[in-house]
Amino acid sequence: MYTEKFRPKNPSMMVGNEESRIGFINWLRRWRKGAKPALLIGPPGIGKTTLVYAAAESLGYVVLEFNASDTRTKERLSSSLTPSTHSLSVLGEKLLVFLDEVDGLYARQDYGGLEFIQGFIEKSNLPVVLAANLEDDEKVRKLLPKCEVFAFKRVPPRLIHLYLKSLIEREQLNITIESINKIVEHSGGDIRAALNSLQAVLASPSSEVLEVARDKRVSLRDALNTLFNSSDREEAKSALEACDADILEKIHAIYSSLVQSKVESSVLLRSLLALSAADELVSRIKRTQEWRQLRYFNAMLSHMIFDATPRGVVQFSQDAYPWSIQLRIWNDARVLRSIGRKLGSMLHTSSREALIVHLPYLAYLLSRLGKDETQRILREFTADESELRVLNKEVARFSK
Amino acid sequence: MEILLGEPFRLPRLGEDVFRRLMRDVRLEYDRQKRVFRTTTQTDLYQLSTLLSEVLKEPIIYTVKCFICGSDAGCTSCEYSNICDRLLVSQNCLCKNCLNKEDAYTLYCMRVAETSL
Ligand SMILES: Nc1ncnc2c1ncn2[C@@H]1O[C@H](COP(=O)(O)OP(=O)(O)O)[C@@H](O)[C@H]1O
Ligand SMILES: [Mg+2]
Ligand SMILES: [Zn+2]
Ligand SMILES: [Zn+2]
């Protein structure tokens, strides 16, 4: 495997995440008894595991690794606290305890992972390093305040290109520059995926095997462009599922893409309403912590957007326009309540929901239209002058 | 407004509430002496652009620095710009000029080694 063969032995031979890499090395260099454990967090394939070994190696530590996939982890962890490991350190070995993929550890049913790890962290007088793929995991999040956190992100394409090119020159591999570009483009910022593709391409140069090697993770941009443009409902769904971005981030990006596209306003309105329903659901899930419901979320969201938007009109747009739903202290509470009631009955929601969730969308939407059209739509909605005044104020919040 | 990731930048006075959110939720770094902000690996870039574009009423554009020479890496003219998501990748890149140097990888590794000393 190229991934093993080319695993960098020294932290400075790796690429990407410079600040976190350096931060982690310094953490280990300065480690003293009683220091917080380090937590490396970030997507797969960008070198978290590699860094821990390389840093340990260069600072003279021996790594005791415990992996989530090992059923005996708990037992072995407990025994690593026993005198035998201490005697090892007495013999002059500097030891480092490494718990890789702790998010996987939690997923396992057979023991109280979080409590156990927390207890372990507190008792250990060796440096402890944890690594996790999911920041969004509620349990991993609980560890954050107890740890020195080093955040890792995907590796920028040019740096992957640089790394592949250096390997290719060093090993005198025979591959065209176009193929390198393609590998980089398909890697999604994941170096493991890039190396697997490289190996696959070299094994059968004529083939288009790039996709196979890839751990199917999709960027937000690709996912949304598929969602907006694919004519296949299932493909749209898979794309959204294969994207790791936080759910709220997905909703916000769909929102900003929609409002910056040139779809007809009635279609836009329909899409935005679907989106705000989704947003409501997410906040409910976050409130009630019924995380299991999130499993169906990507499917639901993609189907709603797929059905509401015409194909090929909307493109991903990163200029996220603000839409933060804040509960302000309304000067116009009474008027707003009546607007809320009207809007709520039109949209079949409570008036509170209409005000908090839907009104900002509508106001933003209206702020993008011409003055005359805005007034025409507002007057269709209400003839009440104070309501019009408040609505115009809402719209003005979004105008320059 | 353009923000060069990882580099100091100034902001107009935004009020205590916004400042508190920038510190607590967005986890932006602030240097009290120099009165400059800086994004770190902990900074939530997504929230930062949402919040700032709302209060400044203009879009926030992120650019990244070349880790070898320190200049703007030139994201807008990057050959990979269609697949590179600035919110998801780490904060430094390479400019076209440095990328094309023969010993680019060695130079890059040396810069990392220098910085970690
Ligand atoms: N930043 C990097 N620089 C160089 N090679 C890397 C980097 N990240 C990953 N690799 C390669 O990919 C393989 C898998 O990386 P790994 O450390 O297991 O990633 P993670 O733990 O983040 O999932 C490594 O063996 C190495 O060959
Ligand atoms: Mg790993
Ligand atoms: Zn440069
Ligand atoms: Zn770029």
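Let's start with a hole: the second largest pocket in this predicted model has a volume of about 450 Å³. It is lined by 24 residues, and those closest to its centre are A:Arg7, A:Gly45, A:Gly47, A:Thr50 and A:Arg192. Rolling a probe the size of a water molecule over the atoms is how empty space like this shows up.

Who builds the wall? In chain A, α1 (2-5), α3 (48-58) and α11 (191-203) each chip in at least two lining residues. Sorted by class, the lining of this pocket has eleven nonpolar, seven polar and six charged residues. And where does the pocket sit? Domain 1 (6-151) and domain 2 (157-215) of chain A both give residues to the lining, so the second largest pocket lies between them.

Stay with α3 of chain A for a moment. Its buried residues are A:Lys48, A:Thr50, A:Leu51, A:Val52, A:Ala54, A:Ala55 and A:Ala56. A:Thr50 is therefore on two lists, being buried in α3(A) and among the residues closest to the pocket centre. It helps to remember that an α-helix has 3.6 residues a turn, so residues three or four places apart point the same way. After α3(A) comes A:Gly60, with a positive phi near 75°.

Further along chain A, take a look at A:Thr226, which lies in helix α13 (residues 220-229). With a relative accessible area of 22%, A:Thr226 is partly exposed, because buried means under 20%. The C-alpha atoms of A:Thr226 and A:Gly312 are separated by 9.4 Å, although these residues are 86 apart along the chain.

Now over to chain B, which has four helices and six strands. Walk along its sequence and you meet them in the pattern β-α-β-β-α-β-β-β-α-α. Of the 117 residues in chain B, 48% count as buried.

Chain B also holds a metal site. Which atoms coordinate the zinc ion (ligand 3)? The SG atoms of B:Cys66, B:Cys69, B:Cys95 and B:Cys98 do, at 2.3 to 2.4 Å. Along the sequence, these donor residues are spaced C-x2-C-x25-C-x2-C. The angles subtended by the four donor atoms run from 100 to 116°, which makes the arrangement around the zinc ion (ligand 3) tetrahedral. For reference, the ideal angle for four tetrahedral donors is 109.5 degrees.

Finally, are these cysteines buried or exposed? Take two of them: B:Cys66 counts as buried, at 1% relative accessibility, whereas B:Cys69 is partly exposed, with a relative accessible area of 41%.

Technical notes:
Residues numbered from 1 in each chain as written. Chains lettered and ligands numbered in written order. Predicted model: local features only at pLDDT ≥ 70, side-chain atom pairs only at ≥ 80, totals over all residues. Heavy atoms only, no water. 1 Å grid on protein atoms, 1.4 Å probe; cavity = no way out; pocket = protein on both sides within 12 Å on 5 of 7 lines; lining within 4 Å. Points joined across faces, edges and corners; volume = space filled by probe spheres on them. Nonpolar A, V, L, I, M, F, W, Y, C, P; charged D, E, K, R; others polar. Domains from an automatic or database assignment. Donors = N, O, S within 2.8 Å, 3.2 Å for Na, K, Ca; no water. Tetrahedral: all angles 85-135°; square planar, octahedral: opposite > 155°, others 65-115°. Buried < 20%, exposed > 50% of the residue type's maximum accessible area, 1.4 Å probe, protein only.
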